[in-house]
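Below is a short note on the pockets, the ligands and the enclosed space in this model. The points are numbered for reference.

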Amino acid sequence: MKRLLLTGAAGGLGSAMRGRLKGLAEIVRISDIVELGNLAAHEEAMLCDLGDRASVDRLVKDCDAIIHLGGISVEDKFSKIMNANLLGLYNLYEAARENGMPRILFASSNHTIGYYRQDEYLDQDVPLKPDGLYGVSKCFGEALARMYFEKFGQETALVRIGSCMEKPKNHRMLATWMSHDDFLAMIECIFRVPRLGCPVIWGCSNNDTRWWDNSHVSYLGWHPKDNAERFRAEIDAAVPRPKPDEVVAIYQGGPFVSDPIFAED
Ligand code: NAI
Ligand code: 15L
């Protein structure tokens, strides 16, 4: 493809993936609300607040595909979530509709289903059980994307990311971890498959203790290769194992389940 847009490019995941997207497009347009640092030869940068419709229109123009990582990524005040994750999503989908409907990868989250227990194995059809306002905003994003698919044919991969980072940090992440290599392989499959549709894709590696069933998306040809199990000894040594009655050991959403509703200023 000619131009791939990466939002949230200054964030944890965006910074990790940014340099790895070179082979996917001639130009990678990176964007965030904060400065993006030095650019590689194949990159162009655009600062943008996702809550600003005119900016998002300019951002999406001329893009053939979008990896949408931008937004509030943890529990926060509703006003912040509303601007970036609700208004921002609406702005993105309206801009996409006006600019040829480029295929979108939407970074949804396991916090859409955080109130399921860790002894439950989920498929893509389970009712949503968000564990906070952040999780609710990802449910909104998934519903919005689904509506644009049904009404206009806009294709989106609804990637319910578990914990995508260099390595798992605690016992829960032995189930939820997705390696950067596996995420990159997923991205390649999403943008190469001839017909994507609007599937939920569980974003975790081939972990022995994973909780999620991706058999419905075998047509993508995505075969995650990493397994968090290789970090178990390291985690056992570094992190106290939670007691069975602790929230982090009961619910799939882990610590997010205990977050309060944060008050506005
Ligand atoms: P992050 O918080 O490090 O990065 C998000 C980026 O979005 C930040 O650079 C921030 O400046 C930008 N942003 C925030 N508000 C904005 C606005 N109004 N306009 C434009 N940009 C704005 O989060 P991370 O970890 O990199 O995650 C990326 C995406 O993946 C997020 O959407 C997050 O919800 C999702 N996700 C990530 C997981 C992970 O394990 N890293 C797990 C599940 C979902
Ligand atoms: C998320 O949705 C967050 O964005 C990320 O920071 C991680 O905490 C992840 O979920 C997780 O559940 O581990």
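1. The largest pocket is lined by 39 residues, and L69, G71, I72, S73 and Y134 are the ones nearest its centre. A pocket here is found on a 1 Å grid over the protein atoms alone, as an open set of points with protein on both sides within 12 Å along at least five of seven lines; a lining residue has an atom within 4 Å of a point. This is a predicted model, in which local features need pLDDT of at least 70 and side-chain atom pairs count only at pLDDT 80 or more, while totals for chains, interfaces and linings use all residues. Residues are numbered from 1 along each chain as its sequence is written, chains are lettered from A and ligands numbered from 1 in the order in which they are written, and side-chain values use heavy atoms, with hydrogens and water left out.

2. The space in the largest pocket comes to about 980 Å³. Such a volume is the space filled by probe spheres set on the grid points, which are joined across faces, edges and corners. At least two lining residues come from each of α1 (12–18), β2 (27–32), α3 (78–98), β5 (103–109), α4 (133–152) and β7 (163–164). These elements are DSSP runs numbered from the N terminus (helices: H or I, at least four residues; strands: E, at least two). The lining consists of 16 nonpolar, 18 polar and five charged residues. In this scheme Ala, Val, Leu, Ile, Met, Phe, Trp, Tyr, Cys and Pro are nonpolar, Asp, Glu, Lys and Arg are charged, and the others, Gly among them, are polar.

3. Ligand 1 occupies the largest pocket. To sit in a pocket or cavity, a molecule must have more than half of its atoms within 2 Å of the grid points. Around ligand 1 there are 26 residues, with L13, D32, S73, Y134 and C164 coming nearest; a residue is near if one of its heavy atoms lies within 4 Å. β5 gives the largest share of this shell, three residues. By class, the shell around ligand 1 holds twelve nonpolar, eleven polar and three charged residues.

4. Which backbone atoms lie close to an oxygen or nitrogen atom of ligand 1? A backbone N or O atom of L50 is 2.9 Å from a nitrogen atom of the ligand. For G71, a backbone N or O atom is 3.0 Å from an oxygen atom of ligand 1, and for C164 the corresponding distance to an oxygen atom is 2.7 Å. Ligand 1 taken alone exposes 820 Å², of which the protein buries 84%. Areas are from the Shrake-Rupley method with a 1.4 Å probe.

5. Ligand 2 also sits in the largest pocket. Its surroundings are S73, S109, N110, H111, Y134, G162, S163, R172, M173 and F256. That shell divides into three nonpolar, six polar and one charged residues.

6. The polar contacts of ligand 2 (pairs of N or O atoms within 3.5 Å) include both backbone and side-chain atoms. A polar backbone atom of S73 is 2.6 Å from a ligand oxygen atom. Polar side-chain atoms of S109 and S163 lie 2.8 Å and 2.6 Å from an oxygen atom of ligand 2, respectively. On its own ligand 2 exposes 320 Å², and the protein buries 78% of this.

7. The second largest pocket has a volume of about 250 Å³. It is lined by 14 residues, and R210, N214, S215, W222 and P224 are closest to its centre. Its lining has six nonpolar, six polar and two charged residues.

8. How many cavities of 30 Å³ or more does the whole structure hold? The search finds one. A cavity is a set of grid points where a 1.4 Å probe fits but cannot get out. The volume of the largest cavity is about 40 Å³, and H68, G70, N85, L89, F106, A107 and K138 line it. α3 and β5 each give two or more residues to this lining, which is made up of three nonpolar, three polar and one charged residues.

Methods:
Polar contact = N/O pair within 3.5 Å; in protein donor to acceptor, adjacent residues only side chain to side chain.
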